[in-house]
Every structure is written in structure tokens, then in C-alpha cells.
Amino acid sequence: MDSKEIIRIENVSFSYGGPKVLENVDLSIKENEFIGIVGPNGGGKTTLLKIILGILEPDYGQVTIFGDSTENSRSEIGYMPQIAKFNRDFPITVEETVLLGRLGRTSKFGFYNKKDKVIAKRAMEDVEVLEFKDRTIGSLSGGQLQRVLVARALACEPKILILDEPTANVDLRIEKDIFELLKILNERIAILVVSHDIGFISEYIHRAACLNRTLITHQVSSLDGEAIQDLYGKHVKMIAHDHGHGHH
Amino acid sequence: MSEFFEALTSHYFLQNALLGGILASIACGVVGSYVVVKRISYLAAGIAHAILGGMGIAYFFGNSPMSGALVAAVVFAIILGWVSLRWKQQEDTIIGALWSMGMAVGILFLSKAPGYHMDLMSYLFGNILMISRDDLFLIGGLDLVILITVGLFYKQLLAVAFDEEFAKLRGISVEWFYMLFLILIGFTVVIMIRIVGLILVIALLTIPPAIANHYIRSLNHMMILAVILGIFFTCSGLALSYEPDLPSGPMIIVLSGSVFIVSVLAQNAFRKKRF
């Protein structure tokens, strides 16, 4: 319990007007953690992310980032969406896309400064897309584009990287590449990754937060068949787990 | 054609027309590029047509139609922007209704003002040969406003055009910049009234950037190429229409539209991959 807490989710409940999508969710994420949120579709994964990012307000409970409101500290988060909503034909180069991550950190007016360019270059080096920097995003493969979006999130100089199903649209080999990359990045920043594929990511993550309306965290070592069955089966346990786990 | 160049050296109004076309192409290429990549040409056309309402009202009350156009440009940009943000579901129906109503109001007011026939045609289809010194100052001034705004907020406008969700997460007020951008579209339409008129403006706003989009890799290059193409189309449209005494606005549109079609066909034939 030595490492600093980045995100604290306390007793969060949420509904879109109907039945509760999230109920009494507690979760604490610490520096240098690599945590996976897993669970069935409709289990509330994306909703929880939106609450962490401050896009949605919880009905009950609260989320704090470095002890401050999500609104104020959103800029500490590097976010990579599940489905990029942009148009692949947009005339924008890889470098320009990554530079967008500097928004909120750089000057309000005019163009990017030298520091922005240096940080964007480093982010592109980290994910190994620097050689494509002048290509349009439309000319990239699916795996390359995912890397560019990771670089854009890194250009925010985040304390934590949040990725929503980063490998939903790429094949297995690229999925492995991307998680190897995240593993390296995890040496300096915390990572929260949402995935439906619990078996695959358990190789990489320290802790799994299993979400199906309620949230139960497991150390990866204790993630067995029974836990998965509980999560995806009809029976859902209504327990708030303790989070007093450091990482291994 | 040679007659045109001869006339150009001696006739003041032709020099004004040429300068007006060049200045207007600057705003058109820059703002039009955003319209094309953001895919809001329908919304832009709505603003363009509805502006006639403001012109008619201003004319009726004895003010300059251009001042009415400028006010209407801002008002309709805000109204249509608000509709597009708040009523996403019925956006196209509401824009269609406001578009026609703006024009209808304009025509009602113009019909009660003296000599409306002449003016109506030139507002709708432009008359580049009628550009006055005052018009040139107005066009140049609006150009400056547009270039300064785009220069100051290039990053934010790019982010909002490319990926609204990400822009919002980086703390950018997406709605504010969307509105600002629609107002810039309104200004550009006002600039284009003299050149090609309200009806044809949408073609000149979208065709040069759309052609440019076939050959470039980033938005700023798209803007530069669109400006160059715009200047080429307005100048050569003017020159081609001069000798046979044809209206210049439609000539400019037919010329740019033809080049666009050729460019689309060439793209499809070669299927060039952009790197």
C-alpha cells in the first residue's frame, strides 16, 4: 500500500433512467498498476469509463482523480476509445493526429510549439510509428492505427492510460503486440484496460476487476474458472470486495 | 480570350472583379476545407440560402443589403448550429424548413421594395462585374477576420472537425468552436454573394477543397490547394464568360464542377493510394 493512489471510485451507482447499470462500485487504482476491467457486454464497462472520464455523472457515490474531481483532473488521463469515431478518410497525418494529444497542455492560441513536437515524437517512438509520421491515417493498417491512437494518448503526458477494448478490431498477432507494448509502457505509467477477453489479458494485468453491474476485483493468480463463471453466468454476487492489494 | 486581357488593362470594373475573385477564393478555400472534411455542406447551404431573408429586410428598410447579409449570417449560423446540436434527430428537416423560410421572407420583403427584379437576380447568382471598391474592402476585411480566427484556433478547429469526443476530453469547448466555425461559414457566404450569388455559393465552397482532397495529406495543404484552385476557377470563369457575354457566376461553377468530375474519374481510374 505504499504507492500513490491515482483514481478512487467510491460506492458508485448509475442508471440510464431504467435498471441500475452500476451498483455500489468501489475501485482504487494506484501508480504503476496494470488493471483490467472485464465483463460481459452490457455489464457496464463503458459506462464506468465514461464516469471516470467525467462524461457521465454517477447517481450515487463519487470518483476522484488525485483527490480532485474528474472535471479538474481529466487532463491527467490518456484515453483511447474503443471505436474511433473519426472518419478514416480525414486528411490528417500520423504526426498531426498524435499532436492532438497536446491539446489542453499546450498554448491556447496559434500552432504547436517545439516542446509539443518533441513530446509527440517521443510518443511515436515509444509505439514505433515514427517512420509513418507523414503518412495519412487512412493509409495505415488496423494495428498501426491502434498504435497511433496509443501515441496520441501518450502525448497527453498522462499519469494513467485508459484503453477501451484496444484490440477489438485487430487480429490476434497484433493484439499480442499491443499488449507487449502496454507492458513496457506500464513501467512508467498506470494502465487501465477494458476487455471482454479475460483469458488473453490475464497474462499481462496485475489485477482483474470483473464488472457485471457490481464489481469484484481479483488478483490475477486467483482468477479461476469459478470466478469467471460467476461473472458471466446468471448468478451475480452482490459483494463489494476489498481493494487492499498491492501489485506483485 | 484576348479581348478579355485587353479589356482588363483598360477597364477599372474588370480589375475590381478579378481582385474580388482572388480575395473571395481565399476565404472560400480555407472555410470550405473545413466544410468538406466535417461533412456539413447541407448545413452550410442552409446558412447561405437563409441569408436572403436578412438582405431583403435590410433592403426594404433602406439599409444596404450587404449589412443585412452580415447580420443574417451570424443569426442563422447560431440558429442552425443550435438546431444541429440540440435536435440531431430532425436536423435535416428543420434546416430544410429554415432554409426555405429565410429565402421566402427575403423575397417577400424584396417584392415590396422598388426595382427588386434586378437585385434579386444578382444576389442569387452573383455579378462579379458589379463589385465596387466598398465591396472589395468588405471582402478583404472578412478575409482578414477569417484568416486570423483560423490562425489562432487552428488546433482546436482541427480537433473538433476530426474527433469531437477526443477534443472534449482534452478540455476543448466543442460546441463553442462549432458555433464559431458556422459563423465563419456565414462570413464566407457574404463574401461570395457578389461573386457567384447565394444559390451557387455552396458549389464554390465545396468543389475546390473536394478536388484538393484527392491530392493532399493534411488539412492545411488542402486549404492552400483549395485557395489556388478557387483563384484559378474564378479568374478563368470570368475570362471565359467575358467575350460571349455570359453570366460569370454560372460559368465559374460549370468550370469548377467539370474539373471536379474529371478529378473524381481520374481518382477512380488510377485508385492511387495516398501516402
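In the predicted model, helix 3 of chain B comprises residues 41-60. At 1.5 Å a residue, these 20 residues should span 28 Å, and the end C-alpha atoms lie 30 Å apart, so the separation agrees with the expected span. Of the 20 residues in this helix, 17 are buried; helix 3 of chain B is therefore largely enclosed by the rest of the structure. The helix is followed by B:G62, a residue with a positive phi, near 80 degrees.

Helix 3 belongs to a chain with 13 helices and zero strands. Read from the N terminus, the elements of chain B accordingly run α-α-α-α-α-α-α-α-α-α-α-α-α. For the 275 residues of chain B, a compact globule would have a radius of gyration near 19 Å; the computed value is 19 Å, which agrees with that expectation. Along the principal axes, the C-alpha atoms of chain B fill a box of roughly 55 × 50 × 30 Å. Buried residues account for 50% of the 275 residues in this chain. Among the contacts in chain B with a separation of 6 or more, 74% involve residues 24 or more positions apart.

Chain A contains eight helices and ten strands. Of the 248 residues in chain A, 44% are buried. Where contacts in chain A link residues at least 6 apart in sequence, 68% of them join residues at least 24 apart.

Definitions and conventions: Residues are numbered from 1 along each chain as its sequence is written. Chains are lettered from A and ligands numbered from 1 in the order in which they are written. This is a predicted model: local features need pLDDT of at least 70, side-chain atom pairs count only at pLDDT 80 or more; totals for chains, interfaces and linings use all residues. Helices (H or I, at least four residues) and strands (E, at least two) are DSSP runs, numbered from the N terminus. The radius of gyration is taken over C-alpha atoms; the globule rule is 2.2 Å times the number of residues to the power 0.38. A residue is buried if 20 or more other C-beta atoms lie within 10 Å of its own, exposed if 12 or fewer, and partly exposed in between; C-beta atoms are placed from the backbone. Two residues are in contact if their C-beta atoms, placed from the backbone, lie within 7 Å. The expected span of a helix is 1.5 Å times one less than its number of residues.
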